[in-house]
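Please open the structure in the viewer and keep the selection tool at hand. The stops below proceed from one selection to the next.

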Amino acid sequence: MIKRIYTERKASNAALEAEIFDNLGIKVEARMFIRYDVDGLTDEQFDASTPVVFSTPATDAVYSETLPELDGAVFGVEFLPGQFDQRADSAAQCVQLLTQGALPLVRCATVYAVRAGEKEIAAIKNYLVNPVESRLCSLEKPTTLEQKVAPPEPCRMVDGFAEMPTSALSAFYKTQGFAMSFEDLVFVQSYFRNQRRDPTYTELKVIDTYWSDHCRHTTFLTALTTKIKSDNPHIQKAYADYTDMFNALYEGRADKYPSLMDVATIGAKYLRKNGYLAAQDISPEINACTIKYDIVMKDGTVEPWYILYKNETHNHPTEIEPFGGAATCLGGAIRDPLSGRAYVYQAMRVTGAADIKLSFDKTIEGKLPQRVISRRAAKGYSSYGNQIGLATGEVREYYHDGYAAKRLETGFVVGAANAENVVREVPKAGDIVVLLGGETGRDGCGGATGSSKPHDAHSIETCGAEVQKGNAPIERKLQRLMKNGKFTRLIKRCNDFGAGGVAVAVGELSPGLDIELSAVPKKYAGLSATELAISESQERMAVVIDRNDLGEFTKIARSENTEATVIAEVTDTDRMRMFLDGNLIVDLERKFLDSNGVRQEATALIKDPAVKYFGGLGGKRAAMFNKGD
């Protein structure tokens, strides 16, 4: 029998009224209640849980089954189906710890009672409901908390793809929402034509994810033909220096070409070649920036340690779902040092917003108001940081009109690991890949491709699944595991489930892989093969271990109450193959995946910037602007 309670923290009501007035200019009387529907508990267990898990007796009023008599409009807001609800998940886990029994089903919603006019109520609902993640919900008590799950769509072939004429291929391209370019799709078609078969839809989505700007930096790797429109000797010398370094580093290499990525990294590469970056750690793993350093311990002994640095941008997800986007910006920054077997100690947050004092009616169509983004993002970041136990020493937000077009949300972290606890070996055929950590859901599907393609006024209505829902307590377990040298020394290679999910996290571990998607732990039933292949999250790791070490590895993982599931095997085929219930649904050659699609090309024009001086600090500051370029 489903049991229902409402909790009300009266201090929250005053805060809600002030928030509505500050943001909407509407003066209201409002009350807010957290609603819990619970199934799977006896009356005694539910009564014992109420003052310990669902409420705080010193601050909360609790109402059983029904709300008190209320004035005004009453409505509820809940997460969309498939969106991870951390409040409900945490409550269920806490109840299980209390009862030492089965995990109950818990569903949550926030119920509001607002006294205002009809027009004002509509504005308040519009403010409180972000269509990316939430919706208005029924006030009636459900008959079941079991989610109705439609059976997953079977893996389908794209019939006729290999032989589609250009016009048909172009029409297909426009309907699929690909992040890859049309030229990339033509290249894909040529590949499958040579394979003498059509692809599955899952194969196309895996390729699109693998080649996305987020995963492969295609924008920064665009080949540049440079034109200089300047007689400035400094510009001429800078370009000559770059050309000299390029020739010295890449002589005879046809795979290297000028690009923004090369401009950004060539200085460090040149310094390293000339012996100036001896501390930089180079490895086949693509994790955080790592240096090796001798640390003097308290007892005076010296130990070699790895220091790892990482920053993450979550501009797109934070813009459309501020709380989850900013929370997983921090979680996403943490996961790279974690996959390097490091413990993360310190963080920094730097963000950018437009005018947060601007009235709501001047918000750009299809975007959330800047004030809403900034406030909810701050709550999301602090929520994740507090739960995982990470100190943030610097928090700063910069304001500029340019950030109205695109939010800036960056998180920076630093971690460290004792070098003797980090083992890096080349995976061999017969090794196994273990998924360590959380379960897979629809939140996070398409995050890599979603952040790699242009957006319009309707993006906020359709991009909800692209935003990961962070689960900080799970990632905190991974933090503790990575401090255990006995555990980390079992790991040959590790990758996080950031952009790209299984397709990239597992796919990058070895040239040859057989992946069984049905083995991936799931948050709920009904996930399709494509969803299982590309869903992202920061609280999962893919690790390669020797098959004989599985017992010890699983034992240590369970000591932190963490799932460890075998989902793949390393092969010597040089192919990434994915199976669902034993049926082959993805079969791609490694050399094709590693091609990263068609090389993009562009022309870079370098010319003298215009210089504009402005006041402040005695008028000595200057800002440089390229006129319209």
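Two strands are taken as paired if DSSP finds at least two bridges between them. The model is a predicted one, and the tour begins with its strand β13.

**Stop 1: strand β13**

Select residues 432-437, which form strand β13. Six of the six residues are buried, so the strand is largely enclosed by the rest of the structure. Next, add residues 540-545, strand β16; β13 pairs with β16 in the antiparallel sense over six bridges. Within this pairing, Val433 has Val544 of β16 as its bridge partner. Now add residues 564-570, strand β17, which is antiparallel to β13 and joined to it by five bridges. Here Leu435 stands opposite Thr565 of β17.

**Stop 2: the nonpolar cores**

Keep Val433 selected and add Phe161, Val506 and Met578. In the largest nonpolar core, which has 47 residues, these four touch the most other members. Centre the view on Val506. Which residues does Val506 touch, not counting those up to four places away in sequence? They are Val433, Phe497, Gly501, Leu513, Ile515, Ala542, Ile567 and Ala568. A separate, second core of 31 residues can be located by selecting Leu330, Leu481, Met482 and Ala557, which are among its members.

**Stop 3: helix α9**

Select residues 233-250, helix α9. At 1.5 Å a residue, its 18 residues should span 26 Å, and the end C-alpha atoms are 25 Å apart, which agrees. Colour the buried residues of α9: Ile235, Tyr242, Met245, Phe246, Leu249 and Tyr250. They cover an arc of only 105° around the axis, which places them on the same side of α9. Rotate to the other side of α9, where Pro233, Lys237 and Asp244 are exposed. To see what covers the buried residues, display elements including β7 (223-229), α10 (260-273) and β20 (601-607).

Then inspect both ends of the helix. At the start of α9, a side-chain oxygen of Asn232 comes within 2.8 Å of the backbone nitrogen of His234. After α9 comes Gly252, with a positive phi near 85°.

**Stop 4: Ser181**

Finally, select Ser181, in the loop between α5 (166-176) and α6 (182-195). Is Ser181 buried or exposed? The relative accessible area of Ser181 is 17%; the cut-off for buried is under 20%, so Ser181 counts as buried. Not counting residues up to four places away in sequence, Ser181 touches Tyr173 and Gln600. As a last selection, add Glu589: its C-alpha atom is separated from that of Ser181 by 20 Å, and the two residues are 408 residues apart along the chain.

Technical notes:
Residues numbered from 1 in each chain as written. Predicted model: local features only at pLDDT ≥ 70, side-chain atom pairs only at ≥ 80, totals over all residues. Heavy atoms only, no water. Buried < 20%, exposed > 50% of the residue type's maximum accessible area, 1.4 Å probe, protein only. Helix = DSSP H or I, 4+ residues; strand = E, 2+ residues; numbered from the N terminus. Core = buried A, V, L, I, M, F, W, Y, C linked by side-chain atoms within 4.5 Å. Contact = heavy atoms within 4.5 Å. Expected span 1.5 Å × (residues − 1). Arc of directions from axis to C-beta. Polar contact = N/O pair within 3.5 Å; in protein donor to acceptor, adjacent residues only side chain to side chain.
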